[in-house]
Amino acid sequence: MSAHEPIPFLNLSAEYKALEQEWFEQIRMTGGSGRYILGPQVAEFENEFAAACGAGFSVAVANGTDALLLSMRALGIGPGDEVITTPYTFFATAEAISHTGAKPVFADIDENTFCINPDHVASRITPKSKAILPVHLFGCAADMTALNTIAADNGLAVVEDAAQAFGARVGGSRVGALGDVGCFSFYPTKVLGCYGDGGIISMANEIHVAALQKLRNHGASAPFMHDQLGYNSRLDEIQAALLRIKLRKVDQDIAARQAIADRYRQGLQATDVRLAQAPAYGTHVYNLFTIASARRDAIRKALQANQIPHSQCYPLPLHLQQVYAELHYKAGDLPVSEKASMETLSLPVYPAMPHAHVDRICEIIRSALG
Ligand SMILES: *Cc1c(COP(=O)(O)O)cnc(C)c1O
C-alpha cells in the first residue's frame, strides 16, 4: 500500500459488495412474494432488532426523523409542551420536536462527551416540560442514569435519539432500551444503515406499540377507519431484508470502529488535541471519531493540503440557527456547545478502514501541531 493512496471518509460501496449476493437472494424472494411494505421481513426485523438492543418491542418507520416525531406524538407531546434537548446535534432532533407543536428548550452539553449535561437539563425544567430528549452523539452514550433520575423525579418522559449510536451501552444495557422510547435512523452512514431511508423505535413498554403502529399508517384503527391523524411512515421489505443481514454482523463492525478509535488515540496521545473516548459510565461506538482543538483551523488546513476528507459536525449549534431566532437565544447562552462547534473536527472512520490510513492521518495532525 502506497503512503499516498487516497483516504476516503467512508467506504459504503465496498461494504455493499461484501453482502450483495446474500441481499440479492432476499430481494428475489421478496420480489416474488408480492409483499413490499410492512410485510414479513419487517416483522422479523422488528423482533430481531428489539432482541438485539434488549428493548422488548420495536416499530419500524420510514426514517429516523419520523422515529422521533411519531414517538413524541405517541407520548402525547404537542402544542404548549416543552422538550429539553441538546443544541449540539443534527437538526432533525429539534425539528421533530417543533413538528409536534412543542417547543425545544436547549440545555448545554458536557465538554468531554459532547452529550447533554444532566445538571443543565435539571436547571431548564419548567411546569411545561414534558420530556427530555438526549442524543447519543457521534456514538457516545449520554449519561442516561443521571437523566433518568431527573426524569423520574420530575414526571418527564425520556426519548433517546440513538440515530448515531446503535450498540452503545450504559452499564449492561444498550441505548434504545434506557428511556421510554429509543429512536434510530438507518440512513446509510449510520453504524447500522440501509441502502435508502429507514428508521425504528424501540421500547420496553408494550403500551406504545399499538399507538406507533397506528401512527405510522395514517392513524388507521382498522382498514380505512381513522380516528386520529397519522403519517405515511413505513419501512420497505427489501430494506428490512438488508438490515437483518447487517444486524448479524454489526457487533463486529462496532468492534472494528472501536479498534480504529484506539489507534487514533495512540497516534494523537502526545498532542494537546481532545480525543473522543468512552465515558466512565458507558461505551462509544464511533459513528464518527471527533477531535477538538483550539488549533482546529491549522489541523484542517493540513488535512486539506493532504486531501484527507473530514467533516465539521456541527458548525452552528441549533439555538443559534436562524429558524430558531423566535426562541431568542443569543451567542454565549450555551457556551460549551458554542465552543464545541468552533473546535471539533470529525475524522474518517468505517469498519474496514485500514489502520495505516489512521496512522497517516495522525502523522499529518502531529506535524500540523508542531
Ligand atoms: C441521522 C440523524 C437523525 C435523522 O435520521 P434520518 O433517518 O436522516 O431522518 C436524527 N438525529 C440524529 C442525531 C441523527 O444523526
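Buried area is the accessible area that two parts lose on being put together, summed over both. The views below use a predicted model.

**View 1. Two domains make up the assigned parts of the chain.** Domain 1 covers residues 12-244. Domain 2 covers residues 250-368. Their C-alpha centres lie 24 Å apart. Domain 1 brings 43 residues to the contact, and domain 2 brings 35.

**View 2. Domain 1 and domain 2 bury area against each other.** The total is about 3,100 Å². Carbon and sulfur atoms account for 61% of that area. On the domain 1 side, look for Y88, F138 and V191. These residues supply 22% of what domain 1 buries against domain 2. No other three residues give more.

**View 3. One salt bridge crosses the interface of domain 1 and domain 2.** A close-up of R174 and D251 shows their side chains meeting in a salt bridge. The N to O distance is 2.6 Å. Polar contacts also link the two domains: the count is 20 residue pairs, both residues at pLDDT 80 or more.

**View 4. Helix and strand elements contribute to the side of domain 1 that touches domain 2.** Three elements give two or more residues each: α4 (92-100), β3 (103-106) and β6 (169-170). Strand β3 gives the most, with four residues. By class, this side of domain 1 holds 22 nonpolar residues, 10 polar residues and 11 charged residues.

Terms used. Residues numbered from 1 in each chain as written. Predicted model: local features only at pLDDT ≥ 70, side-chain atom pairs only at ≥ 80, totals over all residues. Heavy atoms only, no water. Domains from an automatic or database assignment. Contact = heavy atoms within 4.5 Å. Buried area = accessible area lost by both parts, 1.4 Å probe. Salt bridge = Lys/Arg side-chain N within 4 Å of Asp/Glu carboxyl O. Polar contact = N/O pair within 3.5 Å; in protein donor to acceptor, adjacent residues only side chain to side chain. Nonpolar A, V, L, I, M, F, W, Y, C, P; charged D, E, K, R; others polar.
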